[in-house]
Amino acid sequence: EAPSCYVFHTLNAYDTDGAVVVDLVRHPRVFATVLNGPSEGTTTLERWTLDLEGGRLTTEVLDDRGVEFPRLDERRVGRPHRYGYAAVFGPGAAHGRTPTKHDLATGRVEVHDHGPGRAALEPVFVPRDGASAEDDGWVLTYVYDATTDRSDLVILAGQDLGGDPVATVHL
């Protein structure tokens, strides 16, 4: 048995001790009344654990602020991971879409606010060459500025997502 919902994107999935863990973005419903996109209710970042021996599914909400486009350090795909990145689309976004970093070990969520009129797209993590720490690298995201009708590629430090950008490339 699984919740009635829709899933567009997963963060990651991996095997562990007789279970499969899947971290995903759950939409409460889609295409029921709005046919051109998923905008029918706030999404949640969830962990679904499928107990292979008992045949049960348990769910845990990791973030209820309305995120989408989850990503991680791709060196961790298919293996346990600590960090995930996503874009906030819902009421938790102070000024439009903002990138988030989820520490799944502590439950801490770090947010980068690009400022009024600026909206970020999917954050992509790029590890530093030779890095061993899962968050040692950069988070890249395109940011649209509605006040200038222009976009930038903004590069943030993976270990300080809320801090000032490392670099901004004007497009």
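Is Y85 buried or exposed? In this predicted model, Y85 comes out as buried, with a relative accessibility of just 1%. That makes Y85 a handy place to start, and the rings are a good way in. A pair of aromatic rings is described by the distance of the centres and the angle of the planes. The count here comes to two aromatic pairs. One of them, Y6 with F8, is tilted, with 4.6 Å between the centres and 55° between the planes. Neither partner is tucked away: Y6 is partly exposed at a relative accessible area of 34%, and F8 is partly exposed, also with a value of 34%.

The other pair brings Y85 back into the story. Y85 and F125 are stacked, their centres 5.4 Å apart and their planes at 10° to each other. This pair ties together distant parts of the chain, since Y85 belongs to strand β6 (residues 83–88) and F125 to strand β10 (residues 124–127), 40 residues apart. F125 has a relative accessibility of 5% and counts as buried because the cut-off is under 20%.

Both rings also turn up in the largest nonpolar core. In soluble globular proteins, nonpolar side chains tend to be buried together. The core here has nine residues, namely Y83, Y85, A120, F125, V139, V143, V154, L156 and L161. Strands β6, β11 (137–145) and β12 (150–157) each give two or more residues to this core. V143, one of the nine, has a mixed set of contacts: leaving out residues up to four places away in sequence, V143 touches H114, R118, A119, A120, R150, S151, D152 and V154. There is also a second, separate core of five residues, with V25, V67, A86 and V88 among them.

Y83 has a charged companion as well. The charged end of K101 sits over the Y83 ring, 4.4 Å from the ring centre. Y83 and K101 meet again around D135, a residue in contact with Y83, Y85, K101, F125, G158 and Q159 once neighbours within four places in sequence are set aside. D135 lies in the loop between β10 and β11, yet this loop residue counts as buried, at 7% relative accessibility.

Now for the sheet. Strands of a sheet pair through backbone hydrogen bonds, either parallel or antiparallel. In this model four strands make an open sheet, ordered β5-β6-β7-β8, with antiparallel pairing. At the edges stand β5 (67–71) and β8 (109–111); each has a single partner strand, so one side of each is left without a neighbour in the sheet. From one strand to the next, the twist averages 30°. Strand β7 (residues 98–103) is joined to β8 by three bridges, and these two strands run antiparallel. Across from V109 in β8 stands H102.

Finally, a second aspartate in a loop. D160 is found between β12 and β13 (167–170). D160 is partly exposed, with a relative accessibility of 41%, whereas D135 is buried at 7%. The C-alpha atoms of D160 and F69 are 20 Å apart, and the two residues are separated by 91 residues along the chain.

Conventions
Residues are numbered from 1 along each chain as its sequence is written. This is a predicted model: local features need pLDDT of at least 70, side-chain atom pairs count only at pLDDT 80 or more; totals for chains, interfaces and linings use all residues. Side-chain values use heavy atoms; hydrogens and water are left out. Rings of Phe, Tyr and Trp (its six-membered ring) pair if their centres lie within 6.5 Å; planes under 30 degrees apart count as stacked, over 60 as edge-to-face and the rest as tilted. Buried means under 20% relative accessible area, exposed over 50%, partly exposed in between (1.4 Å probe, protein chains only). A charge sits over a ring if NZ of Lys or CZ of Arg is within 6 Å of the ring centre and within 35 degrees of the ring normal. Two strands pair if DSSP finds at least two bridges between them. Axes are lines fitted to C-alpha atoms, for helices over the stretch in contact, and angles run from 0 to 180 degrees between N-to-C directions. A nonpolar core is a set of buried Ala, Val, Leu, Ile, Met, Phe, Trp, Tyr and Cys residues joined through side-chain atoms within 4.5 Å. Contact means heavy atoms within 4.5 Å.
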